[in-house]
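This report concerns aromatic side chains and their surroundings in one protein chain. Please consult the sequence and structure shown here while reading.

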Amino acid sequence: MTKGKRAATMAENRAKLVGAARKAFATQGYADASMDELTASVGLTRGALYHNFEDKKGLLWAVVEQIDGEMAERLRLVREQAPSLWQGLLAEGSAYIEMALDPEIQRIMLLDGPAVLGDPSKWPGENACLDITMRTIRSLIQEGILKPVDVEAAGRLLNGAALSAALWVAAADDPRGVLNKAVDAFRQLASGLLLKAV
């Protein structure tokens with residue numbers, strides 16, 4: 001097998017495993033997803049899983065990274081379609097909280113992910129979101145829309161509020177009932193940073 005063909009086969013196997021894991025983790029949950037069933041469903045062995053991801057936790061990381069990238073793209077579109085930078089900041093935070101209603105995001109990103117992988121605020125995707133939030137806050141301060149607060153502190157607090165609200169929605173007995181309260185509170189908190197009414 002040539003080097004190029006081997007690399008293509010490895011990439012194909014990796015994609016198959018991530019796809020199968022994503023489906024299994026979303027429908028069965030991380031703890032109940034069988035690695036033997038998962039690998040067999042795509043015609044591969046546990047050896048292929050270990051070769052590509054080391055273990056089940058490594059496979060979960062790959063699934064989280066894939067979903068996180070898709071979430072980031074959805075949030076980018078929300079932010080860019082807003083009529084102003086300030087409204088984009090609010091819309092992005094609200095949209096993030098609303099994503100907690102998506103069964104796949106709810107199960108993998110907000111329930112099982114934190115339980116297995118630890119604090120989501122330390123995940124690479126969250127750090128990328130924090131950078132975007134801080135850039136937005138810095139611009140809004142320069143435009144005289146936000147109070148001259150510490151940019152990192154404000155960014156961490158806003159992102160933390162959105163994450164905490166999303167976790168609350170995801171874990172609630174009635175997620176839809178909690179959603180409006182969570183989004184409203186997030187918007188009220190963020191509005192406390194305003195220098196003047198917008």
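The sections below treat the aromatic pairs, a charge placed over a ring, and one asparagine in a helix.

## Aromatic pairs

The model is predicted. It contains 2 aromatic pairs. In one of them, the ring centres of Phe 25 and Tyr 30 are 5.3 Å apart and the planes meet at 50°; because this angle is neither under 30 degrees nor over 60, the pair is classed as tilted. Phe 25 is buried, its relative accessible area being 1%. Tyr 30 is likewise buried, at 14%.

Trp 61 and Trp 123 also form a pair, which is edge-to-face, with 5.9 Å between the centres and 70° between the planes. This pair joins distant parts of the chain, its members being 62 residues apart. Trp 61 belongs to helix H4 (residues 56–81), whereas Trp 123 lies in the loop between helix H6 (103–117) and helix H7 (124–142). Trp 61 is partly exposed, with a relative accessibility of 25%; Trp 123 is buried, at 5%.

## A charge over Tyr 30

Tyr 30, a member of the tilted pair, also has a charged group over its ring: the charged end of Lys 56 is placed 4.6 Å from the ring centre.

## Surroundings of Asn 159

Asn 159 is part of helix H8 (residues 151–171). Is this residue buried or exposed? Asn 159 has a relative accessible area of 18% and is therefore buried, the limit being under 20%.

Apart from neighbours within four places in sequence, Asn 159 contacts Glu 126, Cys 129, Leu 130 and Thr 133.

Methods. Residues are numbered from 1 along each chain as its sequence is written. This is a predicted model: local features need pLDDT of at least 70, side-chain atom pairs count only at pLDDT 80 or more; totals for chains, interfaces and linings use all residues. Side-chain values use heavy atoms; hydrogens and water are left out. Rings of Phe, Tyr and Trp (its six-membered ring) pair if their centres lie within 6.5 Å; planes under 30 degrees apart count as stacked, over 60 as edge-to-face and the rest as tilted. Buried means under 20% relative accessible area, exposed over 50%, partly exposed in between (1.4 Å probe, protein chains only). Helices (H or I, at least four residues) and strands (E, at least two) are DSSP runs, numbered from the N terminus. A charge sits over a ring if NZ of Lys or CZ of Arg is within 6 Å of the ring centre and within 35 degrees of the ring normal. Contact means heavy atoms within 4.5 Å.
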